[in-house]
Amino acid sequence: MTERIIGIDLGTTNSLAATVFDQVGPEVITEPGQTPIIPSVLTMREGKWLVGQEALIRSLQNPTQTLYSIKRLMGRSLEEIPVEEQAQLSYQLRSGERGQVLVCLDEQAFTPQEISAEILKAVKYRAEAILGENLQKAVITVPAYFDDVQRQATRDAARLAGLEAVRILNEPTAAAIAYGLDERKDGKIAVYDLGGGTFDISLLQLTGKIFKVIATNGDTRLGGDDFDQAIVGELTLRILQEFTDAELHSPLARQILRQTAETIKISLSQSNEIEYAISIEDQSWSHQGSFTTIELKPLLVPVIQRTLQRCQQALDQAGWKVEGLDEVVLVGGSTVVPEVRRQVQQFFGRAPQVAIDPYKVVALGAGIQGHLLAGGRRDFLLLDVIPLALGIETVGGTFSKLITANTTVPTEAKELYTTHVDNQTAIEINIYQGERELVHDCRCLGRFKLRGIPAMKAGLPLVEVTFRVDANGILTVSALEKRSQTDASIEVIPFHGLTQQEIDDLLEASYDHAVEDFTARQLIEFRQTAERVLQGIEMHWTIAEKALAQTDCAAIRQQMEVVRQRMEGQDPQVLKSEMDRLGDLTRSLADTVMGQAVLSALQEKEITPV
Amino acid sequence: MPFCSHCQKSLQSALWCGACQQLQSSGLQADYFSVFGLPPRYDVDVKSLEQIYHELAAELHPDFFVAAPAAEHRLSEGLSARLNQAWQTLQDSTARAQYIMRVWKSKTPTHERDLPTGFLQEMFALQEELEELLEAKDQQALATKHADFLQRLNDLQQNYQQQLIELKGNTPDTTSCKQIQQQLNAERYLLRLLERCSSTSSETDL
């Protein structure tokens, strides 16, 4: 196999990576006993990014400085984000170049691509430390219903993180790969993917090694966040009823309400009732209450209903009936909510499949696809589709579709253009994506300017424009003047997203001051691990002295000293090998400590009357 | 059948040589039938067409050319696009009929906008009736209309499909070419009426 291509699930709420290990198969990339999940939450400390758990812990201390749900902003302009949704965020947004949304943090402003790049870097660095390899290529998953702009934005984020996105893969399709290869059964499957911020439904036909997507539908602004918001609405009502002057719009209040809502949602997935208490620093009131699953249901149902409407649309597009399905697969963190499972089961008339952890299945599928792209296997082939029609503006602002939704990619369409005045040497084409009749209701992807058309009488030049959609669902355009057989040059003016120049500038800036060197990062990572291990041994030293022979204790002490010395050195591999030796020496100690823990747990059990 | 540009053996598919596994750049312009190594006839066994589609996709897809030189990767993308379009067209009975008529069009003159005699007047009348029913939201009458349109569509399709099959891949004479094209044009009107019928009835459901 050539260079490893890992799979990354870049989620609204959580991100993680997976790869295919020799002899083991597909696995999420994590240290033993640790969670593979990195929360997609960021903040800054002393000018440096903090990503994941650390940022999440600090979120209540500095709510306006904590960034989350960035995926919802990818490839969007500020005006496309509804005002009420902006109001729900505890951080500030503003408009940047070409109306692109910017996120404000401290005195600075960042594009969603830059922020997503920081999440991707965190995932990449951790994977590199665990695998002990330099990683440069990845399959990155996106909601199937992401349009061209959102896909490009994701690919740009990867570039900014020093990763080549070899494939932008649809999340439900990734899940289907993980399930399909697990079971190897022909048939029709529906993948219901409800994440933190997005919803997708994909219908696939599995025939031998071919995984063919027949139809996909969804909503890129619908997800578990909406459950939280509905609960926040209810909490707000309750608090205002009790304390009419409560101030619930400050960033801190919003953050507390959001987190309480999330806790309520999660707890009610396991029990029927939960007590909660809310108080906000600087405000004199404190509110206590309880939430039951019965109270929760009417808040969830409208959101779930919207997902089921999309499911019906997808079935109609495929020309399938619910009864004809062989399997329904649940994907995404929000599908652990029992009410979601109930409604999905009712709609599809069958118990959904949840054999693979819905938090991990997308990353696993991406890891498997990465394995295939790296040349590691050819035992399956994915044929995916473009989720929304692509077309151009014609007379009167009508949207003329060149490639319809659910067309298998890669695909292409050709269109002939001519000039309207004599000696015209340039033509402008506006390209749109969407499912509506008028371009006004569709997404403008950009303006393409064809230049270098030979000077001729009006109507004589024949410019053939080719619209190509690659296997990532991303569009490229080229043009040829048929009479002279010359390539017309194309200038792309993106309406959203970053220009090539802007990406290059950002990349250059990041090379300037970031510690990008793999060895340096690995050294930092190994030093931290070594520190933890040494502390762990010290903590259990009394057990060691009792349980182990004196010579063993001495050997461990000596090796600990060697590791300490190597920590001062500059070679990560030397440090790693000394740590491995220490690990071997302390194995029996670890077993003893573990045994003790189990023993004391058992003793406690004995004391407690059953 | 054309020959492989690499090993000169005759090609099963215009896109790819099964003998020496080489992509065929001439396949980028291949007609949809020769993509599948089939003669241009209307009666196609869709099941075996799908099987060839899957086999070719598993050889041509750009996923298997990630490490290949850029030009080869691009070629695999172009050929896969051709294959996908060919499959999408030939697996659908209406799209296949339209496509085969386009292939023949280069040999016989056809009449892009020709319709059977009296058809347009009939359509206008039906359209008017339909608009009245939609206005009145008369669900029962709409359902009857819908069934009526479906029946007409079925009759029409069966008729031209039979004609196409009987040609057995021979180029039709001017008269039958005109007849088939007229029916294909008429089909579009009927499909539009049907769409109008069902889109509005589902709107009222909500």
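**Close-up 1. Here is where helices α6 and α8 of chain A meet in this predicted model.** On the α6(A) side, the contacts come from A:Asp226, A:Phe227, A:Ala230, A:Ile231, A:Glu234 and A:Arg238. Facing them from α8(A) are A:Glu295, A:Leu296, A:Leu299, A:Leu300, A:Val303 and A:Ile304. A pair of packed helices is described by the angle and the distance between their axes. For α6 (residues 224–242) and α8 (residues 293–318) of chain A, the axes come within 9 Å and cross at roughly 140°. That angle is why α6(A) counts as oblique to α8(A). As for handedness, α6(A) passes α8(A) in a right-handed crossing.

**Close-up 2. This view is centred on A:Ile280, a loop residue between β15 and β16 of chain A.** The two flanking strands cover 273–279 and 286–292. Is A:Ile280 buried or exposed? Its relative accessibility is 4%, so A:Ile280 counts as buried. Leaving aside residues up to four places away in sequence, A:Ile280 touches A:Leu248, A:Leu252, A:Ala253, A:Ile256 and A:Trp285. A:Leu257 is 23 residues from A:Ile280 in sequence, with 9.6 Å between their C-alpha atoms.

**Close-up 3. Strands β26 and β27 of chain A form a hairpin.** The strands, β26 (residues 463–469) and β27(A), pair in the antiparallel sense over seven bridges. If you want a spot to start looking, A:Val465 stands opposite A:Ala479 in β27(A). Five residues sit between the strands, and in this hairpin A:Gly473 takes a positive phi near 80°.

**Close-up 4. Now for the two faces of β27 (residues 475–481) in chain A.** In a regular strand, side chains alternate between the two faces of the sheet. Which side chains of β27(A) are buried? They are A:Leu475, A:Val477, A:Ala479 and A:Glu481, which point to one face. A:Thr476, A:Ser478 and A:Leu480 point to the other face and are not buried.

**Close-up 5. The largest nonpolar core has 74 residues.** The members that touch the most others are A:Leu204, A:Val361, B:Phe36, B:Leu60, B:Leu83 and B:Leu164. Helix α10 of chain A (residues 361–373) gives the most to this core, with eight residues. Another core, of 48 residues, lies apart from it and includes A:Leu73, A:Ile115, A:Val142 and A:Ala158.

**Close-up 6. Finally, we zoom in on B:Leu60 and its contacts.** Not counting residues up to four places away in sequence, B:Leu60 touches B:Leu15, B:Trp16, B:Leu23, B:Phe65, B:Ser76, B:Leu79, B:Ser80 and B:Leu83.

Key:
Residues numbered from 1 in each chain as written. Chains lettered and ligands numbered in written order. Predicted model: local features only at pLDDT ≥ 70, side-chain atom pairs only at ≥ 80, totals over all residues. Heavy atoms only, no water. Core = buried A, V, L, I, M, F, W, Y, C linked by side-chain atoms within 4.5 Å. Buried < 20%, exposed > 50% of the residue type's maximum accessible area, 1.4 Å probe, protein only. Helix = DSSP H or I, 4+ residues; strand = E, 2+ residues; numbered from the N terminus. Contact = heavy atoms within 4.5 Å. Pairing = 2+ DSSP bridges. Axes fitted to C-alpha atoms, helices over the stretch in contact; angles between N-to-C directions. Parallel < 35°, antiparallel > 145°, perpendicular 65-115°, else oblique. Left-handed = near helix turned anticlockwise from the far one by under 90°.
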